[in-house]
Every structure is written in C-alpha cells, then in structure tokens.
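Colleague: I am new to this structure and would be grateful for a close look at one part of it, the sheet. Please then place that part within the rest of the chain.

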Amino acid sequence: MKIKEVIVVEGRDDTAAIKRAVNADTIETGGSAIHARTIEKIRLAQQKRGVIIFTDPDYQGERIRKIISRSVPGCKHAFITQEDGTKKGDIGVENASPDVIIRALSEVRTEMAETAGEITADDLLENGLTSGSDAKERRIKLGEALGIGYANAKQMLQRLNAFQISRAEFEAAIEAINKERE
C-alpha cells in the first residue's frame, strides 16, 4: 500500500513501524521540541503532497499534533488507541502492528480550520461525555468509534467539529456505546 501524503511521526522507531506497514515517506519531529526548520519541512510537504500527522497516543503526541496543526493548517490525522500502541508499558506508534497502522491510515480525518460544526457542548453533556463517573471512558470509546483519538471534553468538542463529524455519525457512535453498556 503506497501512501501519497508524507506521514509526520515522532522518531526513527515510528518511521520503521510505518515502513513495515506501508510504502510511505515520513518526517520525524525528533520529539516534542519541534524546530522551526521541521515545521517548514512539514509546511512544504503539505503544499506539495499533503501531510498525515501520526503521533503517539499520549500527552506528548497530542502536544506535537497541536503544534503542527496550528502551524500547518489542513493536515490529515491518523490515530491509534493507547491499547493498540502499548507494548511492555511503552506507548507509541512504534509498538503498533502493521494491521493497526494500515487501519489508522485508512481512517484518516482532515481537520478544517475554525469551522462551526453540528455538535455542541450541550450534546456532550446530554450524552454523558463531560461529567459523571464514566465520562472519560465514554470519550475514549467515542474517540475510538469515530477514529479521532481520546481527548478531554473541551478538546473532544473541538475535534468533533474540526473533523466535521456529522450529527448522524455522532449519534450512531453514541448509540453503539450505549448498547455496549446494556
């Protein structure tokens, strides 16, 4: 499977995992201290071929994703769950199987800059995603169901709308989560 876009990852081990799964070019951020020249390489890649941000499903990976998204609008995003990226207590893309990586790349989402979406804060509240003992777990499951990763309530609302998740997609995912609990 050949990927047209350049995939942005955190390090060499991530690049190796991507190349075991697909034929793709990568740009490595070298960790969380992203240099201006790395952002410029990502910006150029976005203009020429498009970019898929594929960072680790942890705090630093999300931080890197946000930095790149702010600096290079219109990127696509691929996500894996913490469970799929964990091996011997270590979390990262480098630990994901080729099948998990291929699935994540086949479900990429494109972030739209500052767009008003269909989902509101009230929708999150009404569906138990902002408060309650299981709100975090419900957001994890929602992120998995929609392929947009885990986020806190504020970030989840932003992500739902930035990735233009439709009301129908949102409601179907919520329905599946609710059925799981029955």
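Modeller: A definition is needed at the outset: two strands are said to pair if DSSP finds at least two bridges between them. The model discussed here is a predicted one. By that criterion, five strands form an open sheet in the order β2-β1-β3-β4-β7, and their pairing is mixed. The edges of this sheet are held by β2 (26-28) and β7 (109-110). Each of these two has a single partner strand, so one side of each is left without a neighbour in the sheet.

Strand β1 is a suitable place to look closely. In the order of the sheet, β1 stands between β2 and β3. Towards β3, the connection consists of three bridges, which link residues 6-9 of β1 to residues 51-53 of β3, and the two strands run parallel. Within this pair, V6 of β1 is placed opposite V51 of β3. Towards β2, β1 is again joined by three bridges, and this pair is also parallel. Here I7 has T26 in β2 as its bridge partner.

The side chains of β1 deserve attention as well. In a regular strand, side chains alternate between the two faces of the sheet. In β1, V6 and V8 lie on one side, while I7 and V9 lie on the other. All four are buried, and both faces of the strand are therefore covered.

One residue that touches this region from outside the strand is T15, which belongs to helix α1 (residues 12-21). T15 has a relative accessibility of 10% and so counts as buried, the cut-off being under 20%. Leaving aside residues up to four places away in sequence, T15 touches V9, T26 and E28. Of these contacts, V9 is one of the buried residues of β1, and T26 is the bridge partner of I7 in β2. The helix residue T15 thus has contacts with residues of both strands.

The sheet may now be set within the whole chain. The secondary structure comprises eight helices and seven strands. For 182 residues, a compact globule would be expected to have a radius of gyration near 16 Å, and the chain agrees with this because its own value is 16 Å. The C-alpha trace extends over about 45 × 35 × 30 Å along its principal axes. Of the 182 residues, 47% are buried. Among contacts with a separation of 6 or more, 62% are between residues 24 or more positions apart. The exposed area of the chain is about 9700 Å², with 48% supplied by carbon and sulfur atoms. There are 28 positive and 30 negative side chains, and the centres of the two sets are 6 Å apart.

A buried residue elsewhere in the chain is A173, located in helix α8. Its relative accessibility is 7%, so A173 counts as buried. With residues up to four places away in sequence left out, A173 touches L142, A145 and L146. The C-alpha atoms of A173 and K141 are separated by 8.6 Å, although the two residues are 32 apart along the chain.

Two loop residues call for separate mention on account of their backbone angles. Most residues other than glycine have a negative phi. K88, however, has a positive phi near 50° and is not a glycine. K88 is situated in the loop between β5 (86-87) and β6 (90-91), and its relative accessible area of 84% makes K88 exposed. Q164 likewise has a positive phi, of about 50°, without being a glycine. Q164 lies in the loop between α7 (153-162) and α8 (167-181) and is partly exposed, at 46% relative accessible area. The C-alpha atoms of Q164 and T86 are 29 Å apart, with their positions 78 residues apart along the chain.

How values were computed: Residues numbered from 1 in each chain as written. Predicted model: local features only at pLDDT ≥ 70, side-chain atom pairs only at ≥ 80, totals over all residues. Heavy atoms only, no water. Rg over C-alpha atoms; globule rule 2.2 N^0.38 Å. Buried < 20%, exposed > 50% of the residue type's maximum accessible area, 1.4 Å probe, protein only. Contact = heavy atoms within 4.5 Å. Areas by Shrake-Rupley, 256 points an atom, 1.4 Å probe, with all protein chains shown as cover. Lys, Arg positive; Asp, Glu negative; His and termini not counted. Charge placed at Lys NZ, Arg CZ, Asp CG, Glu CD.
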